[in-house]
Amino acid sequence: MSPSGLRNYWALFGKDVRRDKHLYVLLAPYMVLFLLFTVLPVVISIIFSFTHFNMLEMPRWIGWENYSKLLWNDDVFLIGVKNTLIFSVVTGLVSYIACFLFAWLINELNPKLRAFMTLIFFAPSISGNVFFIWQIIFSSDSYGIINGLLMQLGVIYEPIQWLQDPKYMLGIIMLVQLWLSLGTSFLAFIAGLQTVDKTLYEAGAVDGVKNRWQELWFITLPSMRPQLMFGAVIQITASLAVADVAMALAGFPSVQYGAHTIVTHLVDYGTIRFEMGYASAIATVLFVMMLGSNLIVQKLLKRVGE
Amino acid sequence: MKLAIRLNKKVNRSWQVDALLFLALAGFGAFMAIPLIYVINNAFKPLDELFIFPPTLFVRNATLENFANLFQVMKNSWVPFSRYIFNTVFITAAGTAGHILLASAAAYPLAKHKFRGSKVLFTVVVLSLMFSPHVTAIPNYMIMSALGWMDSYQAVIVPAFAYPLGLYLMKQFMEQIPDALLEAAKIDGASEYRIFWQVVMPLVKPAWLTLLILMMQMLWGTDGGSFIYSEQLKTLHYAMGQIIQGGIARAGVGAAVAVIMMTVPIVTFILSQSNVIQTMASSGMKD
């Protein structure tokens with residue numbers, strides 16, 4: 001751009017900003033807080049991940065050292081990654097499909113029953129972290145409802161230590177996570193289904209759609225692709241960050257790291273060992289994983305109905 | 001089955017598959033509901049029923065003893081139980097109100113105007129939907145202590161104002177408002193602020209009722225995280241954790257707290273269900 005062109009550009013820019021100043025005023029309070037509590041922390045985290053920082057001394061630049069230690073020399077982190085991936089593939093995927101499937105089935109019900117079933121499926125995720133009930137259900141003594149039931153039926157004679165045994169831990173946490181996970185995306189799917197243009201089904205029937213599965217693939221799913229994308233973002237993010245349930249049920253750290261995840265590893269280094277640089281590297285790896293899997297899944301979702 | 005299924009579909013559907021699908025729906029419905037039913041029943045069980053073997057799902061002789069005990073236990077604690085309730089209610093109310101106000105104010109220009117930077121700002125908000133708060137927990141801790149907000153209500157309340165999901169849903173919903181309506185208001189001489197407050201906000205009531213549910217649920221369940229350490233500022237969720245740590249002897253009391261905890265968000269959801277669904281209909285991401 002020539003110098004005069006550049007001057008013109010800035011003059012135009014200034015004029016636009018002055019014209020829209022009221023819009024910026026409306027935007028400002030939210031954006032200031034958003035930058036301060038969401039964007040800035042991500043930037044800080046990425047910068048710190050290249051330093052050695054223990055909260056007492058000044059951060060010291062060490063380049064990729066945290067990452068190389070994390071990826072090649074930290075066996076516990078690899079356990080965390082493995083568990084997190086199992087979680088997100090099993091829980092995330094199952095829950096995503098379940099969210100859609102239940103929304104689809106509920107949509108066929110009459111309005112009263114639909115409202116009731118929506119409530120049943122949504123209630124666990126909004127009921128304010130009452131997942132500790134599962135702690136009582138899977139309690140290690142014979143008062144635990146599962147142990148009690150199995151002993152009553154004569155399947156087992158001794159109570160099983162469900163939440164202390166690495167053999168069962170991961171499965172139980174997945175179950176509870178699944179129970180909790182029909183949340184925002186489930187509602188988005190229910191809503192999305194109600195906006196699908198009904199005449200499309202009639203047109204489809206004329207065009208040779210034979211059964212409900214074809215109807216689902218060729219009409220329903222493509223019509224609600226925007227909601228499917230939104231749901232995927234919410235589900236992927238939640239399933240990669242699984243930690244609260246794991247820590248509440250299996251304890252922290254869990255026996256033989258049976259329920260260790262990336263976020264519990266982060267909590268370990270960040271709030272117990274105060275190795276902030278290292279913890280920031282863990283956070284950055286998690287951040288990249290979330291972003292990456294979101295982009296991949298969005299690409300895949302574009303193919304729905306083809 | 002007849003009551004459940006709309007029969008006006010034109011494509012073939014076999015009743016066997018219908019039956020199978022709805023059995024699956026009922027089965028999973030039970031899986032979702034039973035833990036909640038169990039905890040509600042536990043809250044009303046007298047002590048001897050909590051310890052019978054084998055354990056029962058339903059209460060036989062319902063009693064309010066557990067609720068009475070809860071207040072008894074809490075009366076003797078260092079901080080009165082009412083204080084935990086106050087903290088939770090205050091954090092939830094302030095955080096939710098502030099979030100709805102700020103997120104709507106920011107969503108209106110993004111949804112209905114084109115201006116310099118609008119695309120970039122919205123893209124950043126959408127991207128930030130893609131990572132969880134865990135990623136930013138540590139820097140947030142440092143920012144809080146730099147601001148001198150450690151161990152205060154605002155450490156929990158103010159970040160909630162700028163949660164990305166609210167802005168996103170609000171913006172998507174506001175896009176459906178017809179431009180003609182806003183132009184008419186402008187011709188009548190209304191300022192942008194007035195258009196936002198008197199035209200847009202009343203029209204997007206379903207959307208802010210949805211934010212109300214989502215934010216309330218999030219804040220109601222908060223334990224104050226790592227920001228709050230004095231006992232006087234702790235929340236109900238934290239108190240519940242302490243009671244449950246008490247073990248089996250307090251199983252009934254723990255269930256009573258849980259019932260109190262879950263009642264509020266569930267009742268709010270029942271009251272605003274249709275609005276929530278309406279808002280979610282516009283939640284989609286376009287490709």
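**A helix pair in chain B and its surroundings**

Let's start with a detail in chain B: helix 8 and helix 11 of chain B cross each other in a right-handed sense. Keep in mind as you look that this is a predicted model. Helix 8 of chain B covers residues 164–174 and helix 11 of chain B covers residues 205–220; their axes come within 9 Å and cross at roughly 165°. Since an angle over 145 degrees counts as roughly antiparallel, helix 8 of chain B is therefore roughly antiparallel to helix 11 of chain B.

Which residues make this contact? From helix 8 of chain B come Leu165(B), Gly166(B), Leu169(B), Met170(B) and Phe173(B). Helix 11 of chain B answers with Pro206(B), Ala207(B), Trp208(B), Thr210(B), Leu211(B) and Leu214(B). By character, the residues of this contact divide into nine nonpolar and two polar, with no charged residue among them.

Leu165(B) is a good residue to follow outward from here. Leu165(B) sits in helix 8 of chain B. Is Leu165(B) buried or exposed? Its relative accessibility is 11%, and buried means under 20%, so Leu165(B) counts as buried. Setting aside residues up to four places away in sequence, Leu165(B) touches Leu129(B) and Leu214(B) in chain B, and also Thr184(A), Phe230(A) and Ile234(A) in chain A. Leu214(B) will be familiar, as one of the helix 11 residues in the helix pair. For a sense of distance along the chain, compare Leu165(B) with Ile177(B): they are 12 residues apart in sequence, and their C-alpha atoms are 20 Å apart in space.

Now step back to chain B as a whole. Its secondary structure comes to 13 helices and zero strands, and the pattern read along the sequence is α at every step. The C-alpha trace of chain B spans about 70 × 65 × 35 Å along its principal axes. Its radius of gyration is 24 Å, while a compact globule of 287 residues would have one near 19 Å. Buried residues make up 54% of the 287 residues in chain B. If you take contacts in chain B between residues at least 6 apart in sequence, 73% of them join residues at least 24 apart.

Chain A, the partner that Leu165(B) reaches through Thr184(A), Phe230(A) and Ile234(A), has 15 helices and two strands. The radius of gyration of chain A is 25 Å, well over the 19 Å that the globule rule gives for 306 residues, so chain A is more spread out than a compact globule. Along its principal axes the C-alpha trace of chain A spans about 90 × 70 × 35 Å. Of the 306 residues in chain A, 54% are buried. Among contacts in chain A with a separation of 6 or more, 67% are between residues 24 or more positions apart.

Two loop residues are worth a last visit, one in each chain. Most residues other than glycine have a negative phi. Phe274(A), however, has a positive phi, near 55°. You will find Phe274(A) in the loop between helix 14 (262–272) and helix 15 (276–301) of chain A. Phe274(A) is partly exposed, with a relative accessible area of 37%. In chain B, Asp151(B) also has a positive phi, near 55°. Look for Asp151(B) in the loop between helix 6 (137–147) and helix 7 (153–161) of chain B.

Definitions and conventions
Residues numbered from 1 in each chain as written. Chains lettered and ligands numbered in written order. Predicted model: local features only at pLDDT ≥ 70, side-chain atom pairs only at ≥ 80, totals over all residues. Heavy atoms only, no water. Axes fitted to C-alpha atoms, helices over the stretch in contact; angles between N-to-C directions. Helix = DSSP H or I, 4+ residues; strand = E, 2+ residues; numbered from the N terminus. Parallel < 35°, antiparallel > 145°, perpendicular 65-115°, else oblique. Left-handed = near helix turned anticlockwise from the far one by under 90°. Contact = heavy atoms within 4.5 Å. Nonpolar A, V, L, I, M, F, W, Y, C, P; charged D, E, K, R; others polar. Rg over C-alpha atoms; globule rule 2.2 N^0.38 Å. Buried < 20%, exposed > 50% of the residue type's maximum accessible area, 1.4 Å probe, protein only.
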